[in-house]
Amino acid sequence: MPHTDITRRSFLAAAAALGVSAVVRPLKHAQAAMMPSPVGQDAGWFAGGRLRYRRDGMAKVTGSKVFAIDMRARDLEGWPDQQSYALTLHVPRADRVYLGLDLSVLEPDLAPDVLVDSDRLAKDGVAMPEADFYGDFFLKPGSVSPMLGQPVALGIWHDYERFRAARKKLQFNNDIFRFGDPADPPTRAPYGAARFVRIGGDDPRGTDRFSPMKDLVVWPDTDEKGVHWPGDDHPAFGEAMRHSAQIQAQMKNPPQGWRVFARDFRSQSVDPCAMEMENGLGWYQAGTGHLHVVGATQSPYAAAHHILEMMSASKMRLSNLDFVTGYTVGYGQKEHQSFPYYVAMAALYGDGRPVRLALDRWQHFQFGLKRHPFDIRTALAVDEDGHFQAMSCDMTGDGGGVMNFSPSVGTVAVTAAQSVYYLPKSDLSVQVLPSIGVTSGSMRGYGTLQSMSTTEMLVDEIATEMGIDAIELRRRNVIQSGMKNTQGAVPSGYLRIGEILDMAQQDPMWTERAARKVAYEAANPGMLYGLGFASVQKDFGTGAEAAVVQLEITRQGRLKMRHVAAEIGAGATTAQMLVTEPYLGRPADEVEFSVQHWPQMPLHTKDEPYTTAQEDENRLAQDPHWVPRFTSPRSASNSAYYFTHATQQAAQLLLRLALWPAALSIWGAGPAGGQMRPEPLRFEDAKWRDGMLVARSMEPLTMQRLAERAHADGNITGVCVHTFNRWAWAEADFDIDGRTFRAPIDALSVKWGDGADAAKKARMTDGGYAFQPRVKAYYPPVQRNNAGTVYYAPCATMVELGVATGSGKVTILSHKTWLECGTQIVPELVSGQMQGGIAMGIGHALYEELPTGPDGPGNGTWNYSRYHLPRASEVGVWTQTGHVLPALSGEDPPKGMAEVGMIPIVGACANAIAHATGHRFYHLPISATRIQEVL
């Protein structure tokens, strides 16, 4: 779960407490380029249920300035034309006392116009917000850096040519840093640790004897000496630790008929390799106290909130904060990263000029967040029939120099270790430790790639050792609907990973693998053929997902949408436009995304969905204006399921409360009840055909005609909904115009049409809407926080590859992926995510690796010249196939799949290499060098 998701409400409350006027908004250029809906402007954009191009596609391919990195001061309305340029200086070592800078190499002409260091920030009262989470701005002289790549100062140059020349002199020049005696970095406590113990009952679908969901999660004490697991006599955690000890004892001395397979794995550190490097632009007007910041982030409200916190004790005046976000792609690297605060800080010292701070690729490697490396010991106990009886997994992660999301990445990683299997007993523990490496954060997969890949490697080895077909072993142990995960929670809906396994087992690539190996190796001397398979299921969401959506129809029949969804490259804004089509007969005509101003929803929250006690929530929920969270950032593959649910509920309510009454009014017009009188119409009869509303034998009605009648009759013409999910949807009862109903939303506002009476119009004071207090709310119990997750998207990949016996080089011959993601909103976007994810997974499996010590990227010498990002020729671009299972029904909800498609290819590659070489590798990536050492 995220460390902190700042909502608009808490952000504005913080601003008000500081006496600051603050706003967060999308970059105008990005908004203007992506705002117009293609609906009604391009007849071929959406026809026959098929999408022609992404909503943001034209802006991207024509080079519109939609990313923050594209912007300069002269591009922004109201900004000066001239800007200054900033450069952060990062210390390349963490084994000596840092004494200060020596910038004599820049004298006399290239010295920075402004130099900011820790002393100057302390003097001015500017501090990094939540330093435990983000670290300090700068290292103080006289201390040892806690990490490689820690910034020590920031220089600002007021003209570009001097900046460029200075930058060239400073790059790779470690003599500018003065060091003293050798010394160790500061000793720190682990960033986090947890243990999840489950003892199932006799019935996999029955009551557990013990589980995190039913009982508790073990949270041990930590200090500079390490993790201190509680004893079996601990008043709270004693029972869990006794069960843990019993499982560990069985793993060491298995009962008769059990075999225990235990292996040690290593998953490496990698860079997300987002094409947009860390960057930003800031402008501080000291006279007025106005601070303008343009940044690239997946969590804009958290960034803006923390900029306010950064300035809370400053001697510099802050009266207004304008935080502007651009289109971005970050793979988690731009989720709660510290860089926006460096941009804001740099702006404070620009002498009234805008300041641009942008890392080059060398610095981005040196300072950008990384994927966590883990050492993993996994053990599986298997009976004689090939059924898993128990699992233990102990993961030790390297969080790098700053905590960031390490605690939650660790817990998500270890609870995902079960992969796609039902485990009667499990003991899963994790600890994430500090190091001198570059900070690890919330990279795509959020720890699950590391844990599930190694589980799949172990399962494949067990199959070989026991003489069982590898897919058959998976089928015998696959988790089925109604069974529990390792937290003791029942996954949502019908689990279809079994279908995927059945399809894979019957695929000719699998059934003919022995013959294919013989044929390939005969035709390609010096090459070894291998076929590998892996299957996983990835959770989506954080356990506290909230969204706001507004839909309304104009009198002319145009459908307008406002939505909290932001675009980070996966196509969420395109998809959400289309979600309305099944319910309202068309995509949205006018759209506004990344909306943060919601006067239509006068709600309040402390944004404590994980920590509020049940009795407190019961009390708070009686206030119809209270919600556990206002909205969520763009992360955890949350748009397809959670944001779509909100859009669907708004569309369904608009149909039920606005269009259906208008249709009845039209059909019922005339003598004796009109054409409707002879027919027993029900709301369930409403359907859309060719963009017109039909019901049984009634006259088809266009949206324009329905809208005109709804407005003329003064009926509801707009709805705004708020939703919340804690591994189950919140519901509430409402009474609207005398009609009572329950819906899976927790707040609702409505707008009446032009013909509404004066009383209704007088009620529309909430941004032109009238808030409808819920009669009663039904929130999921807070105990469901221990569920870990219940929503999964399953995926499996089979890969065939060749290994050169001389060089150890791996060649991907082809790969096939099976995915189940419910209803595909835009199949082309699903395909794109699968292809991109698989390429990223191949990089993790075979090529990408960063050292975590002194030779790692923190020393400033890493770039793509040393880092092997896979090329198109190395990922099987033209020989890949994908199969997406059809939805179970028209109402089968879409599932978040942007992460899961990346994961099974990792284990599949490892298993294929084992098939080719006869050797099991436990350290990723399985590079040509490592293979060559064995061959």
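**Exercise 1. Work out how strands 25, 26 and 27 are arranged, and what lies across them.**

Start with the order: three strands make an open sheet that reads 25-26-27, with antiparallel pairing. Strands here are DSSP runs of E with at least two residues, helices are runs of H or I with at least four residues, and both are numbered from the N terminus. Two strands count as paired if DSSP finds at least two bridges between them.

A quick word on the model: it is predicted, so local features need pLDDT of at least 70 and side-chain atom pairs count only at pLDDT 80 or more, while totals for chains, interfaces and linings use all residues. Residues are numbered from 1 along each chain as its sequence is written, and side-chain values use heavy atoms, leaving out hydrogens and water.

Next, look at the edges. Strand 25 and strand 27 each have a single partner strand, so one side of each has no neighbour in the sheet.

Now zoom in on one pair. Strand 26 and strand 27 run antiparallel and are joined by two bridges. Methionine 692 sits opposite threonine 702 in strand 27.

Finally, add the helix. Helix 20 lies across strand 25, strand 26 and strand 27, at about 70° to strand 26. (Axes are lines fitted to C-alpha atoms, for helices over the stretch in contact, and angles run from 0 to 180 degrees between N-to-C directions.)

**Exercise 2. Describe the hairpin of strands 29 and 30, then follow it to the core.**

First the pairing: strand 29 (residues 731-736) and strand 30 (residues 739-743) are antiparallel, with five bridges. Phenylalanine 734 faces phenylalanine 741 across the pair.

Then the turn: two residues separate the strands, and aspartate 737 has a positive phi near 50°.

Now find a residue that touches both phenylalanines. Leucine 748 has contacts (heavy atoms within 4.5 Å) that include Phe734, Ile736 and Phe741, leaving aside neighbours within four places in sequence.

Leucine 748 also leads us to the largest nonpolar core, which has 238 residues; leucine 748 is among those with the most contacts inside it, along with Phe137 and Leu291. A nonpolar core is a set of buried Ala, Val, Leu, Ile, Met, Phe, Trp, Tyr and Cys residues joined through side-chain atoms within 4.5 Å. Helix 20 gives the most to this core, 17 residues. Apart from it there's another core of 17 residues, including Leu87 and Trp157.

**Exercise 3. Take three salt bridges and say what each one links.**

The whole structure has 43 salt bridges. The test is a side-chain nitrogen of Lys or Arg within 4 Å of a carboxyl oxygen of Asp or Glu. To place the partners, use relative accessible area: buried is under 20%, exposed is over 50%, and partly exposed is in between (1.4 Å probe, protein chains only).

- Step one: arginine 266 and aspartate 375 have their closest N and O atoms 3.2 Å apart. Arginine 266 is in strand 13 and aspartate 375 in strand 18, so the bridge ties together parts 109 residues apart in sequence. At 38%, aspartate 375 is partly exposed.
- Step two: lysine 538 and glutamate 899 meet at 3.4 Å, N to O. Lysine 538 is in strand 21 and glutamate 899 in the loop between strand 36 and helix 24, so parts 361 residues apart are tied together. Both residues are buried.
- Step three: arginine 696 and glutamate 679 come to 2.9 Å between their closest N and O atoms. Arginine 696 is exposed at 51%, whereas glutamate 679 is partly exposed at 23%.

Fancy a bonus? Glu456, Asp460, Arg474 and Arg920 are linked in a network of salt bridges.

**Exercise 4. Decide how enclosed helices 9 and 11 are, and place threonine 415.**

Begin with helix 9 (residues 339-348): 10 of its 10 residues are buried. In helix 11, nine of the 10 residues are buried, so the rest of the structure largely encloses it. What do those buried residues pack against? Strand 10, strand 18, strand 19, strand 20 and helix 12.

Threonine 415 belongs to helix 11 (residues 406-415) and is buried, at 12%. A polar atom of its side chain lies 2.9 Å from the backbone oxygen of threonine 411. Beyond residues up to four places away in sequence, threonine 415 touches Phe196, Leu428, Thr486 and Gln487.

Technical notes: A polar contact is a pair of N or O atoms within 3.5 Å; within protein, one must be able to donate a hydrogen and the other to accept it, and residues adjacent in sequence count only if both atoms are side-chain atoms.
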